[in-house]
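Grab a pencil and work through these short exercises with the model open beside you. Each one has a task and then a step-by-step solution.

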Amino acid sequence: MKKVIYMFTSLILLGACTQGKQAGSEPVDDGIDATFEYKVDRFADIEILRYPVPGFNSLSLQQKELIYYLSQAALEGRDILWDQHNRYNLTIRRVCEGVYENYMGDKSSEEWKQFETYLKQIWMANGIHHHYSEDKIMPQFSQDYFVKLVKSVDPGRMPFRDGMAADETLQEILPVMFDPAVMPKRMNQTPGTDIVQTSAVNFYEGVTQQEVEAFYNAMKDPADETPVSYGLNSKVKKIEGKVAEQVWKLDGMYDKAIERIIGWLEKAAAVAENDHQKEVINLLIDYYRSGDLKTFDDYSVKWVTDTTSRVDFINGFIETYTDPLGLKGSWEAMVNFKSIEASERTRVISENAQWFEDHSPIDDRFKKEEVKGVSAKVITAAILGGDCYPATPIGINLPNSDWIRRDHGSKSVTIDNITYAYDKAAEGNGFKEEFMWSDTERERSKKYGTLTGNLHTDLHECLGHGSGKLLPGVSSDVLQAYGSPLEETRADLFALYYLADPKLVELGLLPDNEAYKAEYYSYIMNGAMTQLTRIQPGKDIEQAHMRNRALISRWVIEKGSDEKVVELTQRDGKTYVVVNDYEKLRALFGELLAEVQRIKSEGDFEAGKQLVESYGVKVDPELHKEVLARYEALNIAPYKGFVNPVYKLVTDENGKVTDVTISYDENYVDQQLRYSRQYSVLPLKN
Ligand code: ZN
């Protein structure tokens with residue numbers, strides 16, 4: 001639940017918002033110099049970037065080899081995610097790729113260019129629905145043109161399933177691709193509809209929301225203090241007329257891909273840095289073999305308590321954002337290693353975790369008497385896979401299981417080299433000049449923005465998600481679809497509240513009592529205005545992090561309106577955020593934090609729904625139009641994705657590994673096509 005996503009996008013995707021979240025410390029060494037090309041590709045609403053991996057060459061051979069095997073395991077699950085997003089995704093992708101690689105006709109026409117853009121878009125989204133808005137991506141070329149393309153290619157070169165002919169395959173995928181009424185949304189959250197049946201994800205088939213809810217409610221034991229994450233690793237469908245699960249495991253659904261993931265994990269276990277880490281990897285292998293969610297919990301506990309290894313990874317069914325019911329884990333992976341110097345910042349925060357909990361403006365009944373194991377570090381991403389690729393978070397806090405967090409703590413990371421790449425790519429794009437009120441805000445942003453942006457992420461991840469507690473008997477999923485945005489709201493408010501606390505200056509985390517204003521301003525500007533650049537005209541806000549940022553920003557604007565604490569002001573026909581009283585703004589953040597914590601701790605569904613629906617969902621159409629026009633004039637892509645570096649094993653004549661090299665020269669199209677050749681073993685439909 002707990003990814004900081006997309007920068008400029010949410011921080012980074014899960015992170016950042018267009019506020020531009022902010023750069024990490026300067027990467028050094030490893031030949032990453034001024035000639036490093038951060039910008040790779042640009043199409044539709046997407047810009048593809050490249051991230052450097054500073055420090056990789058200084059790792060030990062064993063660590064590099066470990067990263068290599070884990071990175072292979074991270075890439076092998078790509079098709080699982082595609083299939084999870086929609087059951088026609090793999091067919092559509094492979095047909096499009098078959099055309100792309102084999103079509104011999106005119107490639108200079110406008111329609112061909114639109115076809116190429118469509119393929120790039122679905123690569124970015126891991127499927128035919130937009131990675132962020134969840135809306136189906138509508139092709140800008142005609143259905144007739146597509147049929148012509150498909151039929152012009154030698155069928156022997158096309159990936160038609162089970163000997164199906166072009167016609168049969170087309171019959172199946174054409175409506176899915178071209179009819180706006182068919183599977184329009186990957187995840188539908190509209191209240192009052194059957195969100196299971198109206199969502200295009202492949203987590204459920206032929207079952208109603210009511211049937212799924214009844215199925216899982218029957219499994220739950222309210223007295224169980226350490227429940228497994230029911231439904232995390234399975235698809236639900238009817239088997240012989242009865243609701244049942246198809247489990248994602250070896251010899252189960254996604255068998256072929258999982259078999260290969262296991263193969264790489266076995267190699268990784270053999271070069272683990274220490275016994276604890278080896279056990280982590282072996283438990284993950286056991287879980288992939290059995291599909292047993294208890295084993296997944298054992299693995300998660302082992303994983304969260306491994307705080308000494310330099311190399312770390314995520315690999316599996318983790319985040320539940322894409323399931324309308326919040327149960328099913330999307331497959332994701334990331335391999336990383338600790339950035340030692342930058343981790344000093346989060347170490348200081350973690351060491352003082354109890355102080356922050358004790359001084360939080362929430363009701364004492366909801367405070368943790370003892371904040372456990374908030375482990376935080378700054379990491380360098382080495383490979384992105386599954387739901388972390390091409391769009392990636394800039395911060396992650398796991399595991400998601402509430403009882404594991406309660407009893408064993410959580411691990412929180414800030415991904416420095418990704419934020420750094422975002423910032424490098426954003427230099428000089430004119431964004432701040434256009435949207436900030438005056439030079440005062442711009443100068444503060446320049447002086448403090450990077451630091452306070454990073455600190456916000458650190459506080460959100462290291463402390464925000466881990467703070468507070470549920471009252472006895474309150475179930476963690478009682479807030480349903482509102483749970484995710486409210487949880488992000490809570491973590492953001494915790495961070496915002498403390499950014500302005502003199503304690504941060506005292507701890508040496510901020511240079512003075514002015515700095516926090518940079519982040520306060522950017523945050524409200526993003527939440528109330530500039531994040532609207534990522535929403536199409538006429539649409540609501542859907543994504544959990546965007547809902548949370550809108551919620552906070554609009555709430556403080558409304559509640560502070562009598563005293564004009566913070567307001568939207570017009571100048572020359574343009575709207576700006578103006579903050580008149582930063583101290584009162586902090587008090588408002590504290591007030592809202594207390595309320596959101598109460599909602600979570602008491603499980604107050606109605607109040608939570610009210611907050612999200614009132615402040616987090618609807619868009620002012622006039623403001624939206626204005627922001628889109630101003631943003632469009634800057635020609636900045638609202639979403640960013642990444643290509644990965646390429647790792648190669650170097651071996652001697654006996655086959656012994658002597659080095660692992662890293663290179664940065666693969667472009668977006670080549671990488672996607674290579675992944676589709678190299679890591680694609682699932683059947684077309686699962
Ligand atoms: Zn979060």
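**Exercise 1. Find which residues coordinate the zinc ion, and at what distances.**

Step 1: Look for donors (N, O and S atoms within 2.8 Å of the metal, or 3.2 Å for Na, K and Ca; water is not among the atoms, so sites may look incomplete). You'll find H460 (NE2), H465 (NE2) and E488 (OE), at 2.0 to 2.1 Å from the zinc ion.

Step 2: Read the donors along the chain, and their spacing is H-x4-H-x22-E. H460 sits in helix 16 (residues 439-464) and E488 in helix 17 (residues 483-499), so the pair ties together parts that are 28 residues apart in sequence.

Step 3: Check burial (buried means under 20% relative accessible area, exposed over 50%, partly exposed in between, with a 1.4 Å probe and protein chains only). Both H460 and E488 are buried.

A quick note on the model: it is predicted, so local features need pLDDT of at least 70, side-chain atom pairs count only at pLDDT 80 or more, and totals for chains, interfaces and linings use all residues. Residues are numbered from 1 along each chain as its sequence is written, and side-chain values use heavy atoms, leaving out hydrogens and water.

**Exercise 2. Place F160 and list what it is in contact with.**

Step 1: F160 lies in the loop between helix 5 (143-152) and helix 6 (166-178). Helices here are DSSP runs (H or I, at least four residues), numbered from the N terminus.

Step 2: F160 is buried, with a relative accessible area of 14%.

Step 3: Skip neighbours within four places in sequence, and the contacts (heavy atoms within 4.5 Å) of F160 are V95, V150, P155, A165, A166, T169 and L684. The C-alpha atoms of F160 and V95 are 7.5 Å apart, with their positions 65 residues apart along the chain.

Definitions and conventions. Helices (H or I, at least four residues) and strands (E, at least two) are DSSP runs, numbered from the N terminus.
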